[in-house]
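Work through the exercises below with the sequence and the model side by side. Try each task before you read its solution.

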Amino acid sequence: GLVPATAGQVRVNGRVVTGPGPERAFVFQDFALMPWATVMRNVAFGLEERGVKRAEVERRVEAALGLVGLAHLAERRPSQLSGGQQQRVAIARSLAMQPKVMLFDEVTSALDPELTGEVLLVMEKLAKGGMTMLLVTHEMNFARQVSSEVVFLHQGQVEEAGVPREVLGEQNYFLWEHLVASLQRIFAGVGAAMMAETELSNGQHPDALELAQQVVDGQSAEVT
């Protein structure tokens, strides 16, 4: 992997994996495209670095761009694309390597809602085509519809693992209690921050901002 493991093992097809390999491809959260290169050159980069013959590179790039619906934008540069299109280029770059497993790191978190959908459609197409994918995501509806297995992490620990209808189902009270608690902390923090700003402007409470931060951090705090 990109970061050494502190414990445990990662296995692909029964073999322990300790670093990058040709059978695995990684799609980053922030696209990681070369801004000076065209879409075609970005997708071809990994293949060229591995010494793949030019004719094969062109074939794979064309196929990958066609799969993500961007063949008509092959000569554009990243700055001429929307965020959703840039992420689809990043997916095409990984697909061109013909991996057995694709890893996705929060690939929609930097996108507006209207652009998220086009990326998720590509990923759904890949899943239906049999691609093995490991996703880190907050898109729970997508995970419920596409995943064969879901692992729910909380504060770095596995809290739930199983099929989507069990882990993300309406009867999973732990999940929904966690989400409600998170929302309560968010709204409590917003309320505390507003109160702190009011008290600071009125000169009523010199420690108001510190108290608001305590609430945002989930600590108990009381304004007197």
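**Exercise 1: the surroundings of Glu23**

Leaving aside neighbours within four places in sequence, Glu23 is in contact (heavy atoms within 4.5 Å) with Arg15, Pro99, Lys100 and Val101. Before going on, note that this is a predicted model, in which local features need pLDDT of at least 70 and side-chain atom pairs count only at pLDDT 80 or more, while totals for chains, interfaces and linings use all residues. Residues are numbered from 1 along each chain as its sequence is written, and side-chain values use heavy atoms, with hydrogens and water left out.

Task: find where Glu23 lies, and decide whether Glu23 counts as buried or exposed.

Solution. Begin with the position: Glu23 belongs to the loop between strand E2 (15-17) and strand E3 (24-27), where helices (H or I, at least four residues) and strands (E, at least two) are DSSP runs numbered from the N terminus. Next, take the cut-offs, by which buried means under 20% relative accessible area, exposed means over 50%, and partly exposed lies in between (1.4 Å probe, protein chains only). Glu23 counts as buried because its relative accessibility is 13%.

**Exercise 2: charged partners**

Task: determine which residues are linked with Glu23 in a network of salt bridges.

Solution. As a general step, side chains of opposite charge can pair when their charged atoms come close. The rule used here calls for a side-chain nitrogen of Lys or Arg within 4 Å of a carboxyl oxygen of Asp or Glu, and by this rule the count comes to eight salt bridges. One of them joins Arg15 to Glu23, with the closest N and O atoms 2.7 Å apart; Arg15 counts as partly exposed, because its relative accessibility is 49%. The side chain of Glu23 also makes a polar contact with the side chain of Arg24 at 2.4 Å, a polar contact being a pair of N or O atoms within 3.5 Å, where within protein one must be able to donate a hydrogen and the other to accept it, and residues adjacent in sequence count only if both atoms are side-chain atoms. The network therefore links Arg15, Glu23 and Arg24 through salt bridges.

**Exercise 3: a pair within one helix**

Task: state how many residues apart Glu124 and Lys128 lie in helix H4, and describe how their side chains meet.

Solution. Both Glu124 and Lys128 lie in helix H4, four residues apart, which is about one turn of the helix. Their side chains meet in a salt bridge of 3.3 Å, N to O. Finally, compare the accessibilities with the cut-offs: Glu124, at 21%, counts as partly exposed, whereas Lys128, at 69%, counts as exposed.

**Exercise 4: from helix to fold**

Task: work out in which sense strand E4 and strand E5 pair, and what unit they make with helix H4.

Solution. Locate strand E4 at residues 101-105 and strand E5 at residues 132-136, which pair in the parallel sense over five bridges; two strands pair if DSSP finds at least two bridges between them. To check one position, take Met102, whose bridge partner in E5 is Met133. Then add helix H4 (residues 113-128), and E4, H4 and E5 make a right-handed β-α-β unit. The crossover is right-handed if, with the strands pointing away from the viewer, the path from the first strand over the helix to the second runs clockwise. The chain that holds this unit has eight helices and seven strands.
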